[in-house]
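Me: I would be grateful for a close look at a single helix in this structure. Please explain how its residues are placed and what lies against them.

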Amino acid sequence: MQSSATVLVYSDDANTRAQVRLAAGRRPAADVPPVEFVECATLPAVLTALDQGGIDVCVLDGEAVPAGGMGVCRQIKDEVFRCPPVLLLIGRPQDAWLATWSRADAAVTLPVEPVEFAASLASLLRSRLSLDA
């Protein structure tokens with residue numbers, strides 16, 4: 001098993017980024033490696049982090065301003081070679097169709113519910129790490 005996994009967290013709201021870190025904990029599931037976080041508050045920071053590589057999963061805030069996570073997701077899916085899986089944070093369950101439009105691999109609602117979030121993150125980490133193996 002890989003020694004750690006890197007999760008990019010994009011939100012203009014520091015409280016949302018903190019919710020994600022707390023919900024994931026040090027290790028979202030026993031069968032995935034511990035996670036390290038790369039926090040980004042702007043789209044240019046997200047693109048720079050993805051260009052540098054080493055990101056295993058992206059968590060994008062669909063409610064971020066001015067670049068919402070749904071648009072960012074669609075952009076990186078189009079522009080980033082071997083784009084990491086994306087977990088999209090959506091404002092309400094009815095926005096799930098927008099998450100599909102954006103090509104997100106999974107979506108959970110805000111505020112972050114720790115059990116649901118950790119399970120979704122662990123699932124994406126498993127799929128990413130099994131592809132890299």
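**A close look at helix α2**

Reply: In this predicted model, the face of α2 that is turned away from its buried side carries Pro44, Asp51 and Gln52, which are exposed. The helix itself comprises residues 43-52, and its buried residues are Val46, Ala49 and Leu50. Because these residues cover an arc of only 95° around the axis, they lie on the same side of α2. The cover over the buried residues of α2 includes the strands β1, β2 and β3, together with helix α3 (69-79). After α2 comes Gly53, which has a positive phi, near 85°.

The strands that cover α2 also help to cover another helix. The buried residues of α5 are covered by elements that include β1 (5-10), β2 (35-40) and β3 (57-61), as well as α1 (14-24), β4 (86-90) and β5 (106-109). Among the buried residues of α5 are Phe117, Leu121, Leu125 and Leu129. Helix α5 has 19 residues, 114-132, and at 1.5 Å a residue it should span 27 Å; its end C-alpha atoms are 26 Å apart, so the two values agree.

Cysteines also deserve a remark. Cys40 is buried, since its relative accessible area is 3%, and buried means under 20%. The cysteine sulfur closest to that of Cys40 belongs to Cys58, but at 8.5 Å it is too far for a bond. Cys73 likewise counts as buried, because its relative accessibility is 0%. Its sulfur is 6.8 Å from the closest cysteine sulfur, in Cys83, which is too far for a bond. The count of disulfides comes to 0.

Note on methods. Residues are numbered from 1 along each chain as its sequence is written. This is a predicted model: local features need pLDDT of at least 70, side-chain atom pairs count only at pLDDT 80 or more; totals for chains, interfaces and linings use all residues. Side-chain values use heavy atoms; hydrogens and water are left out. Helices (H or I, at least four residues) and strands (E, at least two) are DSSP runs, numbered from the N terminus. The expected span of a helix is 1.5 Å times one less than its number of residues. Buried means under 20% relative accessible area, exposed over 50%, partly exposed in between (1.4 Å probe, protein chains only). Contact means heavy atoms within 4.5 Å. A disulfide is a pair of cysteine sulfur atoms within 2.5 Å. The arc is that of the directions from the helix axis to the C-beta atoms.
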